[in-house]
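Q: I am new to this structure and would like a close look at one part of it. Please take the main nonpolar core as the starting point, and then follow the chain outward from there.

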Amino acid sequence: MSKVLIELEKSDSTTEYIKASFTLVFKELDTTPRFKFLTDINNEDLNWCDVYLAVRPFTPLSLRIAKAIKETNRFYAVFYDDDLVNYKAAIFWRTVCAKKCISLSDIVLSSNPLIAKEYAELHDKKRSVVVDTPVCAEEILIKRYRKEKIHFVYAAGSDHAAFFEKQVKPILNDFFKLYSTKVHFTFIGVKPDLGDVGFDENITFIPLLSFDEYIKFMKESNFNIGFAPLDNTYFANRKYFNKYTKFGILGMYSNTMPYTLIVKDKENGILVDNSSEAWYQALCFCIENVELCQKYLKAAQLDLKENFSVKKFRNTIKTMVPEFQYYPEVKEVINWQQSRIQCYIFTLADKLYKFIYSLKARGIKQTFLILKSYCQNYKKTER
């Protein structure tokens, strides 16, 4: 039996989702997991484990622990669901640490095949595995469309507002003029500036929710179509794609990777070229073809059951990462302690860099809107 220590930098919707996924799978294996936040990890934790899994290691503290783990011949694995090595909005200190953590790793795990392949080239073992987020069959909700209205939802981070404003906002006024009695839009966590669109009664904004609140809200709300607009950039292509299907919501995705890795247009989802006209046509299609949309959702949920099951995730781990199930007990003792001064300096530099980068990339107004949203939701998303 392996004792696996799992490092999480912070509590947010992404890490909570990853934690829930690995919890499901480790229950199916001969594995004892221990999830700890990065700043809470101590000597007792490090000496307890035989295997260490770092989720999105991206800090000097993560690197210090990685070195301690490898010096004592423990198995060190990393998991990335975003391309943090090439993340332009991060201070160079973070990207350097991410690269070094990968170079020390025994295996790279990722939910995106592009990341898995590219990151494997950054370490000597060239070893990687693609692991999709598992979904229990009982989690998949079967819903029927409401007869009175089609409910659209867009769940995203606050920094996704600008792209929605660029791609979808220009056609919303015309769309609402035609279908205002048949549709309603809900935005969760993201608040694009739609003040000049009109039709306020057709739009609802929900603040960023904690992981548990989000799951509950999505289950209880009878949404029909989920927005997933995404820019066609190097970084965006390396994001994850599984977003709405298990909640009984048909996805309407930008016609770009990573969505095109799994979504087939008008078979198990709707792919939309990144132009305002294409988004307008896709929105109209959903209103005028309710029966077809239900058919696509059924196909998407079948795909979810067959290819994203806990059983398939478990079998992938058993075959590709047997160390998670069995790794020889390590006798070597770790003597390690945090460098609190380094952590303090890094935290200050990191926050300052993010603020300056946002000012340059988004401008003063958008930056302060993001900052305001962060402050309002700090207690929900942080420990």
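A: What follows starts with the core, moves on to the helices and the strand beside it, and ends with some loops elsewhere in the chain.

The model is a predicted one, and everything below should be read with that in mind. The largest nonpolar core holds 56 residues, and among these Phe152 and Met252 are the two that touch the most other members. Helix 9, which covers residues 276–288, supplies the largest share of this core, namely nine residues. A second core of 31 residues is separate from it, and its members include Trp48, Tyr76, Ala98 and Val108. As a general background, nonpolar side chains in soluble globular proteins tend to be buried together.

Phe152 is a good place from which to look around the main core. When its neighbours within four places in sequence are left aside, Phe152 is in contact with Val183, His184, Phe185 and Thr186, with Phe223, Ile225 and Phe227, with Met252, and with Leu283, Cys286 and Ile287. Met252, one of these partners, is also the residue named beside Phe152 as touching the most other core members.

Another residue that reaches Met252 is Gly226, which lies in strand 10, residues 225–228. With a relative accessibility of 0%, Gly226 counts as buried. Apart from residues up to four places away in sequence, the contacts of Gly226 are Val153, Tyr244, Ile249, Leu250, Gly251 and Met252. Of these, Leu250 is 24 residues from Gly226 along the sequence, while the two C-alpha atoms are 6.0 Å apart in space.

Helix 9 can now be looked at together with helix 7, which runs over residues 169–179. Two packed helices are described by the angle between their axes and the distance between the axes. For helix 7 and helix 9, the axes come within 9 Å and cross at roughly 25 degrees. Because this angle is under 35 degrees, helix 7 is roughly parallel to helix 9. The crossing in which helix 7 passes helix 9 is right-handed. On the side of helix 7, the residues that meet helix 9 are Pro170, Ile171, Leu172, Asp174, Phe175, Leu178 and Tyr179, and their counterparts in helix 9 are Ser276, Tyr280, Leu283, Cys284, Ile287 and Glu288. Sorted by class, this contact has 10 nonpolar residues, one polar residue and two charged residues. Two of the helix 9 residues in this contact, Leu283 and Ile287, are also among the contacts of Phe152.

Between helix 7 and strand 8, which spans 183–188, there is a loop that holds Lys182. Lys182 has a relative accessible area of 41% and is partly exposed. Beyond residues up to four places away in sequence, Lys182 touches Glu148, Lys149, Ile150 and Ile287, so that Ile287, which helix 9 contributes to its contact with helix 7, is also a partner of this loop residue. From Lys182 to Phe26 the C-alpha distance is 45 Å, with their positions 156 residues apart in sequence.

A further pair of helices offers a contrasting arrangement. The axes of helix 1, residues 13–27, and helix 11 come within 9 Å and cross at roughly 75 degrees, and these two helices are therefore roughly perpendicular to each other. Helix 1 brings Ser21, Phe22, Leu24 and Val25 to the contact, and helix 11 brings Val310, Phe313, Arg314 and Ile317. Six of the residues in this contact are nonpolar, one is polar and one is charged.

Helix 11 (310–320) is followed by a loop that leads to helix 12 (340–381), and Glu329 has its place there. With 53% relative accessibility, Glu329 counts as exposed.

Some backbone details complete the picture. Most residues other than glycine have a negative phi, and most peptide bonds are trans. Arg56, although not a glycine, has a positive phi of about 55 degrees; Arg56 lies in the loop between strand 3 (51–55) and helix 3 (60–71) and is buried, with a relative accessible area of 19%. Lys126 likewise has a positive phi of about 55 degrees without being a glycine; Lys126 is found in the loop between helix 5 (113–120) and strand 6 (128–130) and, at 45% relative accessibility, counts as partly exposed. Finally, the peptide bond from Met257 to Pro258 is cis, with omega near 5 degrees, and Pro258 has its place in the loop between strand 11 (250–254) and strand 12 (270–272).

Key:
Residues are numbered from 1 along each chain as its sequence is written. This is a predicted model: local features need pLDDT of at least 70, side-chain atom pairs count only at pLDDT 80 or more; totals for chains, interfaces and linings use all residues. Side-chain values use heavy atoms; hydrogens and water are left out. A nonpolar core is a set of buried Ala, Val, Leu, Ile, Met, Phe, Trp, Tyr and Cys residues joined through side-chain atoms within 4.5 Å. Buried means under 20% relative accessible area, exposed over 50%, partly exposed in between (1.4 Å probe, protein chains only). Helices (H or I, at least four residues) and strands (E, at least two) are DSSP runs, numbered from the N terminus. Contact means heavy atoms within 4.5 Å. Axes are lines fitted to C-alpha atoms, for helices over the stretch in contact, and angles run from 0 to 180 degrees between N-to-C directions. Angles under 35 degrees count as roughly parallel, over 145 as roughly antiparallel, 65 to 115 as roughly perpendicular and the rest as oblique. A crossing is left-handed if the near helix is turned anticlockwise from the far one by less than a right angle, and right-handed if clockwise. Ala, Val, Leu, Ile, Met, Phe, Trp, Tyr, Cys and Pro count as nonpolar, Asp, Glu, Lys and Arg as charged, and the others, Gly among them, as polar.
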